[in-house]
Amino acid sequence: MEGRRRIAILGSTGSIGTQTLDVIRQHPDLFEVVMLSAGSNSDLLARQAVEFDAGSVVICDGNKYRGLADTLQPKGIKVFTGTDSLCSLAAADNVDIVVGAMVGFAGLRPTLAALEAGKIVALANKETLVAAGSLVTSAMRANNGVILPVDSEHSAIFQCLLAAQGNEAVKIHLTASGGPFRTWPREKMAEATAAQALKHPNWNMGAKVTIDSATMMNKGFEVMEARWLFDIQPENINVLVHPESIIHSMVEFTDGAVIAQLGCPDMRQPIGFALAFPSRITVGNKKLDLAELGKLSFEKPDLDKFPCLALAYEALRRGGNVPCALNAANEVAVEAYLHGRISYFDIPRIVEASLDGLDFAASPTLECIFSTNEEAAARAREIL
């Protein structure tokens, strides 16, 4: 790599954001932080901004702006608030790579702004491609932007395709851990609490993503991401439960050969790969010892226990604005589950019911995507 890459992190206080900063912390000669943002965690954002000497920060919660400004402006760090500021700074000339680590639909606008400015986007925000995959990839192509996947599964697929040297994939195998309830009977899952769902066996993630992993909606979102990132049809994207989380995904080719990417579960590896691409850098992760591991196992997902995965496949097949509505309803349902208002299987019930009567748009505009998001979220809240 030539020169230090200038990094803007959308969502620096979350799981992906903090791990991105850990990678940068290990390589100050390669990376420079120019902008950080957070939803409402102003205390951590302030500490990060001071440590990494960020030129500017954005706090999305306007109520936190004044306190943050009083802390950081005397240190020469500019403080902004609101989505418009986030979009403007993500598209600024002093940014080389935008790390999309925000959670939920809120990540769509700044990701689009970065791509429209021709930036490299290291994308961890699933909902951006779920809600508006066609619009996002079109903006990328039209403006010579680049999306580098940060999700471990999509980073794995990308690495496998690089190893294939231009040979076309016929099938993608997305691996899934199965989450904390993989071995539970359905009757027990029906009474699972959010606290139990948050105990993921392999990965350390934010609350919303962890619940999505427990319902396997997260894997459904990843199927949608793969469809847009790699231009492959849903019927050629297979989900395979792999409890060890060592094989992060696989790509199958016309001769039946399968290339897999392996590694210990640690998000810093795909983060580092995206930030330093095409180079590989050390990230402080545990190295894989297959002899110590002993075995790798696989099974098909149980759609009776994980109906959210089936709902995601159906939404992708229907296309248009349906995936956006699915995502919006799921955000509302997961939030309710986290606060103990509904049960585990109420999540797919609310999502499915929210899609009934949706005003379908086969080729949605950006305006339609935003209205669909509001419509589906409102419908989910009514059902609640």
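This passage looks at salt bridges in a predicted model. Side chains of opposite charge can pair when their charged atoms come close. In this structure, 19 salt bridges were found, and a few of them are worth a closer visit.

A convenient place to start is helix H3, which spans residues 65–72 and holds both Arg66 and Asp70. The two residues are four positions apart, about one turn of the helix, and their side chains meet in a salt bridge with an N to O distance of 3.4 Å. Asp70 has a relative accessible area of 47% and is therefore partly exposed; Arg66, also at 47%, counts as partly exposed.

Helix H10 (residues 207–215) offers another pair within one helix, Lys208 and Asp212, again four residues apart and about one turn of the helix. Here the closest N and O atoms of the salt bridge lie 2.6 Å apart. Both Lys208 and Asp212 are buried. Beyond such pairs, salt bridges with shared partners connect Asp22, Arg25, Glu51, Asp266 and Arg268 in one network.

The salt bridge between Glu299 and Arg182 has its closest N and O atoms 3.1 Å apart. This pair links distant parts of the chain, with the two positions 117 residues apart in numbering. Glu299 sits in the loop between helix H13 (290–293) and helix H14 (307–318), while Arg182 belongs to the loop between strand S8 (169–176) and helix H8 (186–189). With a relative accessible area of 32%, Glu299 is partly exposed, and Arg182, at 26%, is partly exposed as well.

Methods. Residues numbered from 1 in each chain as written. Predicted model: local features only at pLDDT ≥ 70, side-chain atom pairs only at ≥ 80, totals over all residues. Heavy atoms only, no water. Salt bridge = Lys/Arg side-chain N within 4 Å of Asp/Glu carboxyl O. Buried < 20%, exposed > 50% of the residue type's maximum accessible area, 1.4 Å probe, protein only.
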